[in-house]
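Student: Can we go through this one together, a piece at a time? I'd like to start with how the helices pack.

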Amino acid sequence: MFYRILSAALYILFGGVIAGFLAGLDRKFSARMQGRKGPSVLQPFYDVGKLFSKETLALNHGQFVIAFSFLLLMIATGVLFFAGVDILLVFLALSTAAMFLVFAATSSNSAMSTMGAQREMMQMLAYEPMVLITAVGFYMATTIMNGTGSFKVMDIITKSDLPVILYLPGIFVGFVFMLTIKFRKSPFDISTSHHAHQELVKGVTTDLSGRNLGMIELAHWYETTFLLGVVALFFLCNKWWSIPLAIVSTLIIYFIETIIDNVSARVKWELMVKLAWCVTIVCGGINLLVLQYIF
């Protein structure tokens, strides 16, 4: 119990800091790929700090409440995950948090924000099936290794002698594919983008400013740390060597996402949904069938 509380507390304290630093490295790496020097790795912290110091122009009184709720729910999602609870509950909290981002966009009458919200919901439609299959995959993998399955994050780590990725390679590939959507990177930066090249100004965040926009950005940082934690879960087990393996693998995946972001052009939402569902069926579905009928 002590380690669960400690993990959750460390996520609250450093989850945003870790993702903010990774965002800085992302910008620096992207700039070097484009032949530029790029900003300081601390630039994301300067940007968010400036947002909190600027005047907030809210279109209605509900925007602050919705943005703050999005931040709290995203932090709560990570707290539940790092506390080792049921991963189904964790993914439910993640979906609930995502809806508050949609609410923040639709709280105004802006056509661009509304369109961004619609695209955000299409992204949810694209990645949610793979997220659910990921949870089922963890359960089936622990069933094979231990005889009794578990959805609890702590059980997946402590009761496994080998990393679950050995049983879930297809699901891992599918989940990493969905990370491109969740990280809002090209070619799937449909609803908004972490770069300034969004054709809808900034999609779901068009009508957010000041501290409201700062809370949204901070929530995205916590979301990034949580999602990378799920990637690490594929590699963690009750052996000491799984910890450095998970850290290195997670960093590699993050920078692969950065490379994809820099070499890809944005696709239409229809193609995004088709690709996401094809990956879900082929990678996730076949992996589950193999677990069910071979192991």
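Student: At roughly what angle do the axes of α2 and α8 cross?

Tutor: Keep in mind that we're looking at a predicted model. Two packed helices are described by the angle between their axes and the distance between the axes. Here the axes of α2 and α8 come within 7 Å, and the crossing angle is roughly 145 degrees.

Student: And how many residues of the contact of α2 with α8 are nonpolar?

Tutor: On the α2 side you've got P44, F45, V48, L51 and F52, and they meet G210, R211, L213, G214, M215, E217 and W221 of α8. Sort the residues of that contact by type: two are charged, two are polar, and the nonpolar ones number eight.

Student: Which helix gives the most to the largest nonpolar core?

Tutor: That core has 74 residues, and L168, F226 and F234 are those with the most contacts inside it. As background, in soluble globular proteins nonpolar side chains tend to be buried together. The top contributor, with twelve residues from the stretch 210-233, is helix α8.

Student: Let's stay with F234. Which phenylalanines does F234 touch, leaving out residues up to four places away in sequence?

Tutor: Its contacts include T134, P163, V164, I165, L168 and I171. L168 is itself among the residues with the most contacts inside the core. The phenylalanines that F234 touches are F138, F172 and F175.

Student: Back to α8: is T225 buried or exposed?

Tutor: T225 lies in helix α8, and its contacts, not counting residues up to four places away in sequence, are Y11, G15, I18, A19 and F82. The relative accessible area of T225 is 11%. The cut-off for that label is under 20%, so T225 is buried.

Student: On to charges. Which parts of the structure does the salt bridge of K185 and D26 tie together?

Tutor: It's one of seven salt bridges in the structure, and the side chains meet at 2.4 Å, N to O. K185 sits in the loop between α7 (169-182) and α8, and D26 is in α1 (residues 2-33), so the pair ties together parts that are 159 residues apart in sequence: the α7-α8 loop and helix α1.

Student: What relative accessible area does D26 have?

Tutor: Its partner K185 is buried, with a relative accessible area of 2%. D26 counts as buried too, and its value is 3%.

Student: How far apart in sequence are the parts tied together by R27 and D47?

Tutor: The side chains of R27 and D47 meet in a salt bridge at 2.8 Å, N to O. R27 belongs to helix α1 and D47 to helix α2 (residues 43-53), so the parts that the pair ties together are separated in sequence by 20 residues.

Student: Which residues are linked with E120 in a network of salt bridges?

Tutor: E120 pairs with R184, their closest N and O atoms being 2.9 Å apart. E120 lies in helix α5 (residues 111-146) and R184 in the loop between α7 and α8, so this pair ties together parts 64 residues apart in sequence. Both E120 and R184 are buried. The network links E120 with K182, R184 and E223.

Student: Last one: which residue's backbone oxygen does the side chain of R266 reach?

Tutor: R266 is found in the loop between α9 (242-263) and α10 (269-293). R266 is partly exposed, with a relative accessible area of 29%. Its side chain makes a 3.0 Å approach to the backbone oxygen of D189.

Conventions:
Residues numbered from 1 in each chain as written. Predicted model: local features only at pLDDT ≥ 70, side-chain atom pairs only at ≥ 80, totals over all residues. Heavy atoms only, no water. Core = buried A, V, L, I, M, F, W, Y, C linked by side-chain atoms within 4.5 Å. Buried < 20%, exposed > 50% of the residue type's maximum accessible area, 1.4 Å probe, protein only. Helix = DSSP H or I, 4+ residues; strand = E, 2+ residues; numbered from the N terminus. Contact = heavy atoms within 4.5 Å. Polar contact = N/O pair within 3.5 Å; in protein donor to acceptor, adjacent residues only side chain to side chain. Salt bridge = Lys/Arg side-chain N within 4 Å of Asp/Glu carboxyl O. Axes fitted to C-alpha atoms, helices over the stretch in contact; angles between N-to-C directions. Nonpolar A, V, L, I, M, F, W, Y, C, P; charged D, E, K, R; others polar.
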